[in-house]
2 protein chains.
Amino acid sequence: MKLTSKGRYAVMALADLARFDNINPVSLRDISLRQGISLDYLEQIFSKLRKKEIVQSVRGIQGGYILNKKAKEIKLNNIFDAVDEKVKTVKCKKESKKGCNGKLTKCLTHNLWDELENHINNFFNEKSLEDLVKDNSEKRI
Amino acid sequence: MKLTSKGRYAVMALADLARFDNINPVSLRDISLRQGISLDYLEQIFSKLRKKEIVQSVRGIQGGYILNKKAKEIKLNNIFDAVDEKVKTVKCKKESKKGCNGKLTKCLTHNLWDELENHINNFFNEKSLEDLVKDNSEKRI
DNA sequence: ATAAACCTGAGTAAAATAGTCAAGTATCAT
DNA sequence: ATGATACTTGACTATTTTACTCAGGTTTAT
């Protein structure tokens with residue numbers, strides 16, 4: 001059970017963006033340097049974030065990205081969604097009518113995985129970007 | 001963020017074992033047939049479960065496996081541990097003295113991943129095999 | 001004009017996953 | 001005794017996923 005880099009990077013980059021987001025856009029180059037994430041990879045990630053309208057891009061020199069909503073309104077779930085970081089606990093999900101594995105009953109552990117998924121999703125639904133930034137400025141080492 | 005088959009299979013197989021565990025051991029062949037898991041793969045998994053003393057093996061004809069503790073005392077965490085299904089949210093964990101990425105500060109999102117890990121682990125610590133079997137016999141389709 | 005920065009898609013090496021395969025050994029029913 | 005059942009172990013491998021890199025753009029402030 002592990003989180004992938006893409007998901008982590010997306011959150012890290014957006015947290016960075018939220019911190020340095022004033023009037024001016026923040027360039028991926030700056031984020032890349034501050035967070036130690038490859039520029040090329042960041043571009044892939046931000047392309048997805050832009051398509052899901054989490055950030056806005058500003059082209060040209062002095063360009064970069066700005067948040068498209070208030071940090072408070074951006075939940076971690078939105079971010080993970082955007083970069084296809086899904087919470088997958090089990091495969092037997094789609095066959096709604098039948099049970100799992102083509103059998104008539106649900107697999108023994110089906111309800112468990114559903115519960116777990118909800119548990120994790122609730123966590124991500126509650127946390128916003130703002131929480132992250134706030135939390136961090138308070139507990140700074 | 002996904003659970004691997006090994007972890008899922010381990011839980012499924014043990015749930016099956018807990019259900020059919022009377023006096024007689026349950027053979028992997030039966031579990032394989034009932035749960036649709038490859039016999040060879042099950043053998044790998046049970047080898048690990050045995051080493052961690054979650055199950056006991058009985059050799060020979062009419063042999064199989066039995067639980068080594070009561071179903072109530074086997075928590076999902078024990079199972080995942082045994083098959084090396086770890087909850088990993090972040091890489092920057094070991095460098096306790098320094099921050100992450102070799103920098104002096106913790107990465108912006110460090111506390112978040114810690115929180116998430118605890119959140120998930122708490123869930124697994126509370127659930128026992130017994131819960132699974134009980135839950136299932138009640139909510140059967 | 002030109003350099004900074006965004007934008008896009010393809011390609012790819014390494015790691016993890018999800019198994020299979022082969023060759024045993026122990027035990028019980030008969 | 002012996003054959004069948006079932007556990008035991010370790011090596012091997014195909015597939016998939018991940019985590020990028022690379023190569024070429026386009027846009028726009030100065």
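Of the 141 residues in chain A of this predicted model, 46% are buried. The accessible surface of the chain amounts to about 7,900 Å², and carbon and sulfur atoms hold 46% of that area. The secondary structure of chain A consists of 6 helices and 2 strands. Read from the N terminus, the order of elements is α-α-α-β-β-α-α-α, with the two strands placed between α3 and α4. Among contacts in chain A with a separation of 6 or more, 66% join residues 24 or more positions apart.

The nonpolar interior can be taken next. In soluble globular proteins, nonpolar side chains tend to be buried together. Here the largest nonpolar core has 84 residues, and A:Phe46 and B:Phe46 have the most contacts inside it. The surroundings of B:Phe46 can be followed in the structure. Leaving aside neighbours within four places in sequence, B:Phe46 is in contact with B:Ala13, B:Leu14 and B:Leu17, with B:Leu28 and B:Ile31, and with B:Val55 and B:Tyr65.

Two copies of a chain are related by a rotation about an axis and a shift along it. For chains A and B, the rotation is 180° and the shift along the axis is 0.0 Å, and chain A then lies on chain B with an RMSD of 0.1 Å. This is the relation of a two-fold axis. The same surface serves both copies, as 100% of the contact residues of chain A recur in chain B.

A further site to inspect is B:Lys127, in the loop between α5 (110–126) and α6 (129–138) of chain B. Is B:Lys127 buried or exposed? Its relative accessible area is 18%, and the limit for a buried residue is under 20%, so B:Lys127 counts as buried. Not counting residues up to four places away in sequence, B:Lys127 touches A:Leu112 and A:Glu115 from chain A, and B:Ile74, B:Lys75 and B:Leu76 from chain B.

The DNA comes next, beginning with strand C. DNA strand C is surrounded by 26 residues, of which A:Ser57, A:Tyr65, B:Ser38, B:Gln44 and B:Arg59 are the closest. At least two residues of the surface near DNA strand C come from each of α2 (28–35), α3 (39–51), β1 (55–58) and β2 (64–67) of chain A, and from each of α1 (5–20) and α3 (39–51) of chain B. Of the atoms of DNA strand C within 4 Å of the protein, 70% belong to sugar or phosphate, and the rest belong to bases. On the phosphate side, an N or O atom in the side chain of A:Ser57 is 2.5 Å from a phosphate oxygen of DNA strand C, and a polar side-chain atom of B:Tyr9 lies 2.9 Å from a phosphate oxygen of that strand. A base is approached by A:Glu43, which has a polar side-chain atom 3.3 Å from a base nitrogen of DNA strand C.

DNA strand D has 26 residues around it, and A:Ser38, A:Gln44, A:Arg59, B:Ser57 and B:Tyr65 come nearest. Sugar and phosphate make up 71% of the atoms of DNA strand D that come within 4 Å of the protein. A polar side-chain atom of A:Gln44 lies 2.5 Å from a base oxygen of DNA strand D. From chain B, a backbone N or O atom of B:Leu28 lies 3.2 Å from a phosphate oxygen of DNA strand D, while a polar side-chain atom of B:Arg59 lies 3.3 Å from a sugar or linking oxygen of the strand. The elements giving two or more residues to the surface near DNA strand D are α1 (5–20) and α3 of chain A, with α2 (28–35), α3, β1 (55–58) and β2 (64–67) of chain B.

How values were computed. Residues numbered from 1 in each chain as written. Chains lettered and ligands numbered in written order. Predicted model: local features only at pLDDT ≥ 70, side-chain atom pairs only at ≥ 80, totals over all residues. Heavy atoms only, no water. Helix = DSSP H or I, 4+ residues; strand = E, 2+ residues; numbered from the N terminus. Buried < 20%, exposed > 50% of the residue type's maximum accessible area, 1.4 Å probe, protein only. Contact = heavy atoms within 4.5 Å. Areas by Shrake-Rupley, 256 points an atom, 1.4 Å probe, with all protein chains shown as cover. Core = buried A, V, L, I, M, F, W, Y, C linked by side-chain atoms within 4.5 Å. Least-squares fit on C-alpha atoms with pLDDT ≥ 70 in both. Near = heavy atom within 4 Å. Polar contact = N/O pair within 3.5 Å; in protein donor to acceptor, adjacent residues only side chain to side chain.
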